[in-house]
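Me: Could you walk me through a structure and show how each label is earned? I would like the reasoning as well as the values.

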Amino acid sequence: MRENENMWRMLGGSLPLAAMVLGALPARAQQPRYNIVYIMTDDHTAQMMSCYDRRYVETPNLDRIANDGVRFTRSFVANSLSGPSRACMLTGKHSHKNGFTNNEHGVFDGTQQTMPKLMRQAGYQTAIIGKWHLVSLPTGFDYWNIVPEQGDYYNPDFITMKNDTVRETGYITNIITDKSLDWMEHRRDRSRPFALFIHHKACHRCWLPEMKYLTAYEDKTFPLPETFYDDYAGREAAAAQEMNVDRDMDIIYDTKMYLPGMTSRLSPNYLRMIGRMTVAEQLQYDAVYGPMSRAFYSKQPKGRELAEFKYQRYMRDYAKVLKSLDDNVGRVLDYLRDRGLLDSTLVVYTSDQGFYMGEHGWFDKRFMYEESLNTPLVMRLPAGFERRGAVDEMVQNIDYAPTFLELAGAPVPADIQGRSLLPLLKKNKPAKKWRRSVYYHFYEYPAEHMVKRHYGVRTDRYKLIHFYNDIDRWELFDLQTDPTEMKNIYGQPGTEKITRELLKELKQLQEEYDDPIRERFPIRL
Ligand code: SGN
Ligand code: CA
């Protein structure tokens with residue numbers, strides 16, 4: 001490991017010392033060259049991460065990142081869906097600018113400017129391993145090895161840079177990590193800094209566990225969220241969705257209650273996915289889910305009993321998948337520690353969006369409500385960055401691109417819409433000047449889960465949302481008095497002033513980000 005980390009360690013990881021010693025080197029070498037390890041999961045939500053929420057699970061390795069570094073408490077996405085979120089991250093731009101507004105009809109235009117391309121121009125090596133989900137093949141990476149579409153949990157296929165599809169043996173979270181460690185250890189050029197993007201499938205639907213965790217959490221009963229039996233009063237779009245744990249979870253596909261010969265709407269997907277297991281794996285799997293299924297069908301629970309049964313199954317399976325993920329994040333941290341790379345590396349852990357764990361009765365994401373507007377974000381900072389603990393400034397996934405570019409010493413093009421987070425991270429105190437609101441726009445409708453199109457603004461205390469297309473409804477929430485967003489106060493007496501202020505803010509954001517939707521729904525103040 002004779003490489004830049006040794007230079008960094010020689011300098012004691014100290015910025016002033018590094019600057020002094022590097023003074024004699026050419027311009028680009030004068031800035032310490034930090035590596036970036038960006039780990040992104042799929043559908044992992046802050047409620048299921050113990051450094052954010054202690055009610056449900058323990059995630060000791062994810063918490064290591066937060067404990068040694070920072071934990072963002074107001075970390076948002078721009079469009080709560082996989083492909084769009086990934087496109088925002090890669091470009092630093094909102095969906096209407098990067099062109100990938102929804103999973104169903106989107107094809108990412110890989111000829112556009114992206115952060116990995118700019119990192120390469122700045123001398124970085126770039127690699128991405130795991131879920132990609134942007135339809136076109138990756139551009140801007142020196143190395144990539146991705147899973148087709150959503151990928152598979154068991155013995156998954158990977159697409160290679162030669163565009164071959166290769167079936168691998170094992171559980172996807174382990175394989176993605178093996179490949180990532182292998183790239184860092186054997187495949188990269190150690191004379192140059194790197195940016196490695198580790199993109200997991202975990203914990204996407206339908207939450208299929210690794211063999212060694214098949215029985216984990218089976219003796220745990222998870223508390224029901226207080227909004228589980230939400231009646232959606234005053235929130236018409238919330239009432240129209242199809243992502244209700246009770247009504248919309250498929251008993252075979254989602255909760256895995258299957259006996260041979262049974263069918264359901266999504267059972268073909270389920271049989272295809274579990275059909276990838278080896279015979280030995282299938283026997284192990286059936287030994288756990290078989291007896292559970294027989295007990296379920298002999299009992300035939302109904303009404304609330306069935307709803308809560310589905311909720312428990314959902315929580316348990318999701319938590320099992322998360323256990324493998326947490327182990328594998330630990331492997332990456334251990335590798336960086338053992339190779340002496342931690343002081344020269346920014347480690348980022350996030351998800352493509354948050355998720356509902358039964359809140360409002362839901363699974364899935366999409367809505368601008370808190371659980372899915374939020375996404376977990378923790379970072380372990382390289383030497384020279386002093387911020388620690390909770391970071392309460394509002395950040396968004398369009399900010400990652402400019403952050404990484406600034407860290408690489410590369411210019412941040414003016415058309416990037418996000419803001420570098422480095423000013424928040426340098427000193428151990430809140431930033432003096434920061435953004436006061438974030439903009440959100442969701443497009444995928446009509447589509448699976450039937451969440452209507454909407455855009456909106458969130459400030460520190462309030463949220464204003466406009467649902468449009470085949471509906472025209474506004475929602476306003478006071479997050480201070482109503483953190484679970486059960487009371488839409490839009491149009492209520494006494495809200496005139498705050499509504500006007502939020503409309504002004506929304507108008508300003510739509511202008512700043514140049515969202516063409518403002519021509520269709522001009523805001524007149
Ligand atoms: C699949 C899932 C949906 C999920 C989307 C998008 N259905 O279509 O439940 O909302 O992915 O998820 S499934 O029957 O195929 O499991 S995303 O994270 O990729 O955006
Ligand atoms: Ca996702």
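**Labels and their reasons**

Reply: Happy to! In this predicted model, 62% of the 525 residues of the protein chain count as buried.

Me: Why is Cys51 called buried?

Reply: The label needs a relative accessible area under 20%. Cys51 has 15%, so Cys51 is buried.

Me: And what makes Cys206 count as buried?

Reply: The cut-off is again under 20%. Cys206 has 0% relative accessibility, and therefore counts as buried.

Me: How do you know that Cys51 is in no disulfide?

Reply: A search of the whole structure finds 0 disulfides. For Cys51, the nearest cysteine sulfur is that of Cys203, 14 Å away. A disulfide requires the two sulfur atoms to be within 2.5 Å, so this pair does not qualify. Cys206 is in no disulfide either: its nearest cysteine sulfur, also that of Cys203, is 13 Å away.

Me: What makes the radius of gyration agree with a compact globule?

Reply: A compact globule with 525 residues would have a value near 24 Å, and the protein chain has 23 Å, so the two agree. Along the principal axes, the C-alpha atoms fill a box of roughly 75 × 65 × 40 Å.

Me: Which secondary structure elements does the protein chain have, and how many?

Reply: The protein chain has 17 helices and 16 strands. Among contacts between residues at least 6 apart in sequence, 68% join residues at least 24 apart.

Me: What about the surface and the charges?

Reply: About 20300 Å² is exposed, with carbon and sulfur atoms supplying 51% of that area. The 71 positive and 70 negative charges have mean positions 3 Å apart.

Technical notes:
Residues are numbered from 1 along each chain as its sequence is written. Chains are lettered from A and ligands numbered from 1 in the order in which they are written. This is a predicted model: local features need pLDDT of at least 70, side-chain atom pairs count only at pLDDT 80 or more; totals for chains, interfaces and linings use all residues. Side-chain values use heavy atoms; hydrogens and water are left out. Buried means under 20% relative accessible area, exposed over 50%, partly exposed in between (1.4 Å probe, protein chains only). Helices (H or I, at least four residues) and strands (E, at least two) are DSSP runs, numbered from the N terminus. The radius of gyration is taken over C-alpha atoms; the globule rule is 2.2 Å times the number of residues to the power 0.38. Contact means heavy atoms within 4.5 Å. Accessible areas come from the Shrake-Rupley method with a 1.4 Å probe; for residues, only the protein chains shown count as cover. Lys and Arg count as positive and Asp and Glu as negative; His and the chain ends are not counted. The place of a charge is taken as NZ of Lys, CZ of Arg, CG of Asp or CD of Glu.
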